[in-house]
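Student: I would like a close look at a single part of this structure. Please take one helix, go through what surrounds it, and then set it in its wider context.

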There are 2 protein chains.
Amino acid sequence: MGGDGAPDIVIKGLAITAERHPKARILLIGDETVLGPMLARSKRAASICTLRHAGSAISMDAKPTLALRVRNSSMRLAMDAVATGEAQGVVSAGNSGAMLALAKVVVKTMPGIDRPALAALSPSARGDVVMLDLGANVVCDWRNLVEFAVMGEAFARTVLGLPAPTIGLLNVGAEQMKGDDRVQKAADVLRGSKLAAQFRGFVEGHDITAGTTDVVVTDGFTGNIALKTGEGALRLVGEMLKQVFSSSAVSKLGYILARPGLERMREWLNPARYNGAVLVGLNGVVVKSHGGADAEGFAHAVDVAMDMVTHGFNERIRTGLQQFELQAAPIAAAE
Amino acid sequence: MGGDGAPDIVIKGLAITAERHPKARILLIGDETVLGPMLARSKRAASICTLRHAGSAISMDAKPTLALRVRNSSMRLAMDAVATGEAQGVVSAGNSGAMLALAKVVVKTMPGIDRPALAALSPSARGDVVMLDLGANVVCDWRNLVEFAVMGEAFARTVLGLPAPTIGLLNVGAEQMKGDDRVQKAADVLRGSKLAAQFRGFVEGHDITAGTTDVVVTDGFTGNIALKTGEGALRLVGEMLKQVFSSSAVSKLGYILARPGLERMREWLNPARYNGAVLVGLNGVVVKSHGGADAEGFAHAVDVAMDMVTHGFNERIRTGLQQFELQAAPIAAAE
């Protein structure tokens with residue numbers, strides 16, 4: 001029931017999912033008087049959906065505390081389904097703050113993880129890059145950064161299918177002495193862990209789009225701002241290109257001639273292709289679709305959730321943490 | 001003597017400066033056995049330069065502590081000239097860390113300013129934006145952020161010539177309750193100051209390129225990463241466009257047709273146009289040219305320094321701070 005185009009976009013997105021994954025089973029939760037007729041009109045979406053009624057929906061501007069009090073909201077019932085094991089993951093385009101709060105309280109944080117983080121894919125010159133935290137934790141300590149590295153590594157394995165993803169810690173310079181105590185300690189611990197062979201040390205802002213590492217780890221404040229700054233820069237160039245190609249009849253012709261390549265480029269940078277930020281570190285898969293996502297974007301968010309479930313994302317984190325604790329304990333104790 | 005193409009690029013840049021500002025007076029400091037013959041070959045640069053010999057030069061990888069010990073380096077002598085009032089500003093493409101350390105020790109921080117910051121211009125859809133801190137202070141408290149706002153406002157007035165620049169504080173969301181204690185307190189203080197009418201509250205990463213405010217204030221860790229992430233995104237698109245336009249004979253023709261607009265766009269995003277990061281908050285003007293800048297870029301850095309000197313940048317900060325203390329004192333005391 002959440003997001004700018006809900007529930008229409010959701011049903012259309014699920015029709016795409018049904019085409020791609022006819023064996024998927026979706027528990028569709030929301031107002032049945034609205035969703036029922038919609039499913040009746042979309043046979044394809046209906047073929048993979050079971051409809052469950054929810055008496056209310058969390059509005060996009062509701063405070064997280066309100067979301068926690070309402071027991072019959074569609075978001076709450078979806079989280080309940082994951083908590084009881086009825087569903088393995090939840091996808092929503094609704095209120096982010098409410099989603100984070102409900103996920104923490106209902107689905108709960110994984111043992112060994114201090115705080116969940118928000119992770120997503122970002123385009124780079126060398127393929128997609130996993131970035132986290134994108135804003136779930138505005139204040140982080142070095143332990144959080146180390147956990148983000150473990151969870152980001154698991155994300156890259158399960159969603160990007162990489163056998164040994166490389167990890168970089170975002171900093172103001174690549175030299176070992178750069179940055180504050182937080183990144184210094186996190187780097188020390190990672191260098192002494194079983195992830196050491198995959199850990200490439202500090203990376204800088206431009207390394208995200210250069211694709212220097214498969215995973216880029218940072219705190220939620222910096223990560224959120226870096227993500228939006230990169231998106232803003234891409235949007236600025238997009239607008240400038242539009243102006244360039246519409247400035248004269250000759251340049252319009254130029255556009256037509258270069259169109260196939262330009263369209264491929266636009267498609268490659270298309271936000272829908274990167275839709276689906278994942279709340280990692282919970283006892284289940286929780287995927288946040290952008291509120292403004294279209295049907296294709298929503299379907300991509302569902303793809304991400306299915307990849308994580310199918311490829312054992314949480315098991316991978318558990319393994320990563322176990323290996324890690326063995327190595328990290330003496331360092332943590334020496335702190 | 002600093003930067004990738006020194007001193008050749010510097011002399012070529014000064015020839016451009018001589019053309020633009022024939023009345024400028026440049027004290028050129030470095031190895032006279034190298035610089036003397038170069039100046040003899042560039043009459044234009046020589047017309048505005050007085051050469052002063054320096055017995056050594058700080059290497060690009062020297063530690064700041066070493067830079068502080070060497071008394072006869074070109075960078076040290078240049079800072080000395082500003083400290084004694086012989087020169088009003090210094091421009092260098094040399095070692096950033098050494099420059100920051102020498103500037104603090106020799107030129108010294110302005111009364112009322114806790115720590116200098118690194119500020120620069122960045123492109124946006126609505127004209128150039130002043131961003132600071134870009135990395136001088138990896139750890140900042142709310143007082144630093146407030147001081148950055150005052151200094152950024154003075155920068156926008158003197159370099160961009162804006163009569164009442166607007167100010168935004170970079171955060172993970174525009175809503176008042178977003179962010180950590182640091183940005184919360186800084187915003188409270190700014191709302192209660194004489195800058196209140198120009199203060200637009202919190203801005204997000206994408207607001208930098210959207211040009212939502214004329215000045216964007218943040219800590220040095222986030223600012224450095226945001227700047228480099230934006231640059232990285234622009235570089236990625238630039239590389240993709242190159243590929244698109246060289247992928248076939250037809251798309252090459254498309255490029256030729258759209259070329260005037262594409263060239264204007266490239267020129268507009270040209271890093272040389274944004275070269276010249278300023279260490280603000282010192283008793284003098286200190287401008288850092290990018291180590292990889294070309295002659296045009298170096299000349300731009302000199303332009304920035306001259307604008308700041310000519311338009312009374314430091315006087316403007318002093319005024320800003322005075323007005324500010326009057327208003328901010330009760331809030332600071334109530335902390």
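Tutor: What follows is a walk along one helix, then outward to the chain around it.

The model is predicted. The part to look at is helix 6 of chain A, residues 96–107.

Begin at its N-terminal end. A side-chain oxygen of A:Asn95 comes to within 3.1 Å of the backbone nitrogen of A:Gly97. That contact sits at the start of the helix.

Now go along the helix. Its buried residues are A:Ala98, A:Met99, A:Leu100, A:Ala101, A:Leu102, A:Ala103, A:Val106 and A:Val107. From 98 to 103 the buried positions run without a break. A:Val106 and A:Val107 then add a buried pair at the end of the helix. An α-helix has 3.6 residues a turn, so residues three or four places apart point the same way. Keep that in mind while tracing the buried positions on the model.

What do these buried residues pack against? The partners are both helices and strands of chain A. The helices are helix 4 (64–69) and helix 5 (74–83). The strands are strand 3 (89–92), strand 9 (277–280) and strand 10 (285–288). Helix 4, helix 5 and strand 3 precede helix 6 in the sequence, while strands 9 and 10 come from residues 277–288.

Next comes the C-terminal end. A:Lys108 follows helix 6. This lysine has a positive phi of about 75°, although it is not a glycine. Most residues other than glycine have a negative phi, and most peptide bonds are trans. A:Lys108 belongs to the loop between helix 6 and strand 4 (117–122). Is its side buried or exposed? A:Lys108 counts as partly exposed, because its relative accessibility is 46%, between the cut-offs of 20% and 50%.

Chain B offers a second view of the helix. Helix 6 of chain B also spans residues 96–107. Its buried residues are B:Ala98, B:Met99, B:Leu100, B:Ala101, B:Leu102, B:Ala103, B:Val106 and B:Val107. They pack against helix 4 (64–69), helix 5 (74–83), strand 3 (89–92), strand 9 (277–280) and strand 10 (285–288) of chain B. At the start of the helix, a side-chain oxygen of B:Asn95 lies within 3.1 Å of the backbone nitrogen of B:Gly97. After the helix, B:Lys108 takes a positive phi of about 70°. B:Lys108 lies in the loop between helix 6 and strand 4 (117–122) of chain B. With 47% relative accessibility, B:Lys108 counts as partly exposed.

Return to chain A for other backbone details. The peptide bond from A:Ala6 to A:Pro7 is cis, with omega near -5°. A:Pro7 is in the segment before helix 1 (8–20). A second cis bond joins A:Leu132 to A:Asp133, again with omega near -5°. A:Asp133 is in the loop between strand 5 (129–132) and helix 7 (142–159).

The loop between strand 5 and helix 7 also holds A:Asn137. A:Asn137 is buried, with a relative accessible area of 2%. Beyond its sequence neighbours up to four places away, A:Asn137 touches A:Arg115, A:Pro116, A:Ala117, A:Phe148, A:Asp219, A:Gly220 and A:Phe221.

One spot in chain B is worth a stop. B:Gly168 is in strand 6 (residues 167–170). This glycine is buried, at 0% relative accessible area. Its C-alpha atom is 5.3 Å from that of B:Arg200, 32 residues away along the chain. Leaving aside neighbours within four places, its contacts are B:Gly201, B:Val203, B:Thr213, B:Val215, B:Val216 and B:Val217.

Finally, step back to the whole of chain A. The chain has 13 helices and 10 strands. Its radius of gyration is 21 Å, close to the 20 Å that the globule rule gives for 335 residues, so chain A is as compact as a globular protein of that length. Its C-alpha atoms fill a box of roughly 60 × 60 × 35 Å along the principal axes. Buried residues make up 55% of the chain. Of the contacts with a separation of 6 or more, 71% join residues 24 or more positions apart. The exposed area is about 14000 Å², and carbon and sulfur atoms supply 54% of it. Chain A carries 35 positive and 33 negative side chains, with the centres of the two sets 4 Å apart.

Methods
Residues are numbered from 1 along each chain as its sequence is written. Chains are lettered from A and ligands numbered from 1 in the order in which they are written. This is a predicted model: local features need pLDDT of at least 70, side-chain atom pairs count only at pLDDT 80 or more; totals for chains, interfaces and linings use all residues. Side-chain values use heavy atoms; hydrogens and water are left out. Helices (H or I, at least four residues) and strands (E, at least two) are DSSP runs, numbered from the N terminus. The radius of gyration is taken over C-alpha atoms; the globule rule is 2.2 Å times the number of residues to the power 0.38. Buried means under 20% relative accessible area, exposed over 50%, partly exposed in between (1.4 Å probe, protein chains only). Contact means heavy atoms within 4.5 Å. Accessible areas come from the Shrake-Rupley method with a 1.4 Å probe; for residues, only the protein chains shown count as cover. Lys and Arg count as positive and Asp and Glu as negative; His and the chain ends are not counted. The place of a charge is taken as NZ of Lys, CZ of Arg, CG of Asp or CD of Glu. A polar contact is a pair of N or O atoms within 3.5 Å; within protein, one must be able to donate a hydrogen and the other to accept it, and residues adjacent in sequence count only if both atoms are side-chain atoms.
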